[in-house]
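Look at the sequence and the 3D structure below. The text after them goes from the sheet to two helices.

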Amino acid sequence: MGKIISIFNQKGGVGKTTTTINLSAYVASMGKKVLIADIDPQGNSTSGLGIDKNELKCSMYDVIMGMAADKAIRNTVVENMDIIPGTVELAGAEIELTAKFNRENMLKDALYEIKDRYDYIFIDCPPSLGLLTINALTSSNSVIIPIQCEFYALEGVGQLMNTIQLVKKSLNTNLEIQGVVMSMFDGRTNLSIEVVEEVKKYFKGKVYTTIIPRNVKLAEAPSHGLPIMIYDKNSRGAEAYRELAQEFLEYDEE
Ligand code: ADP
Ligand code: MG
């Protein structure tokens with residue numbers, strides 16, 4: 001049975017897309033069948049995997065609006081890893097969904113048909129708490145929360161946890177926190193170290209031991225349309241995401 005995991009944090013720029021692409025790629029390289037579901041209107045995980053959004057005949061927008069998910073699935077440069085691409089049309093879906101019956105379950109219903117073809121489906125969420133995000137959380141077995149190592153790291157986390165609680169109460173009682181990923185760590189600053197400690201206190205036991213360093217190769221890779229695994233497999237960023245994938249699988253398979 002495929003497990004669906006939202007990469008979720010309503011703050012922008014915390015590493016959701018970078019984590020979606022690179023965790024997915026390494027998990028796929030470790031022999032799992034993986035699908036990325038890009039539901040962010042910015043479509044960064046789509047372009048970050050070298051897919052030209054202008055050439056798409058159909059995309060996540062159509063899937064959320066009721067088209068068979070099957071038709072929108074595309075291969076990627078990574079073996080065992082597919083994607084349902086996201087485009088700017090999703091911004092319209094956020095609005096169109098409000099008028100739909102079953103509006104919180106559109107993505108869940110769409111993924112239901114295909115989820116058993118995959119070991120993992122990772123949903124790259126938009127930076128908001130709107131209906132697209134609610135659809136992601138409603139579809140998911142669990143969430144991975146990336147948190148940037150910065151002064152305001154925990155700002156907004158209360159709201160994030162409230163949203164998870166609300167979804168658990170009314171739409172998806174089984175939703176769990178899979179893990180918290182600390183991203184963009186700068187080992188030269190005490191601040192980064194303090195932030196990790198603070199987040200560990202808050203999330204008790206849920207924070208992955210592997211911490212993702214700030215690494216310029218991770219920022220460069222998307223402009224080449226490649227995951228770090230292919231762009232520069234010896235970089236520190238690559239090493240960190242490989243370790244994260246191992247840790248993820250270890251905990252998940254327990
Ligand atoms: P989100 O999806 O949460 O908005 P992104 O993954 O797109 O965040 O990251 C925001 C920006 O920071 C992007 O330009 C990305 O390339 C860069 N970035 C993400 N993680 C790292 C990292 N560990 N080191 C350096 N740059 C990073
Ligand atoms: Mg993103």
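What follows describes a predicted model, beginning with its strands.

The sheet is open and is formed by 7 strands. Read across the sheet, their order is S3-S4-S2-S5-S1-S6-S7, and the pairing is mixed. Strand S3, residues 74-75, and strand S7, residues 176-183, stand at the edges. Each of these two strands has a single partner strand, so one side of each is left without a neighbour in the sheet.

The end of the order with S7 can be followed at the level of residues. Strand S6 covers residues 142-148 and runs parallel to S7, to which it is joined by 7 bridges. Val143 has Ile177 in S7 as its bridge partner.

Next comes a helix. Helix H6 spans residues 131-139 and is mostly covered, with 9 of its 9 residues buried. Among the buried residues of H6 are Leu131, Leu132, Ile134 and Leu137. The list also includes Thr133, Asn135, Thr138 and Ser139.

A single residue of another helix can be examined in the same way. Tyr26 is found in helix H1, which covers residues 16-29. Is Tyr26 buried or exposed? A residue is buried if 20 or more other C-beta atoms lie within 10 Å of its own. Tyr26 has 25 C-beta neighbours inside 10 Å and therefore counts as buried.

Which residues does Tyr26 touch, not counting residues up to four places away in sequence? They are Met229, Tyr241, Arg242 and Ala245. Separation in sequence and in space can also be given for a pair: Tyr26 and Asn215 are 189 residues apart in sequence and 17 Å apart in space, C-alpha to C-alpha.

Conventions:
Residues numbered from 1 in each chain as written. Chains lettered and ligands numbered in written order. Predicted model: local features only at pLDDT ≥ 70, side-chain atom pairs only at ≥ 80, totals over all residues. Buried ≥ 20, exposed ≤ 12 C-beta atoms within 10 Å, placed from the backbone. Helix = DSSP H or I, 4+ residues; strand = E, 2+ residues; numbered from the N terminus. Pairing = 2+ DSSP bridges. Contact = placed C-beta atoms within 7 Å.
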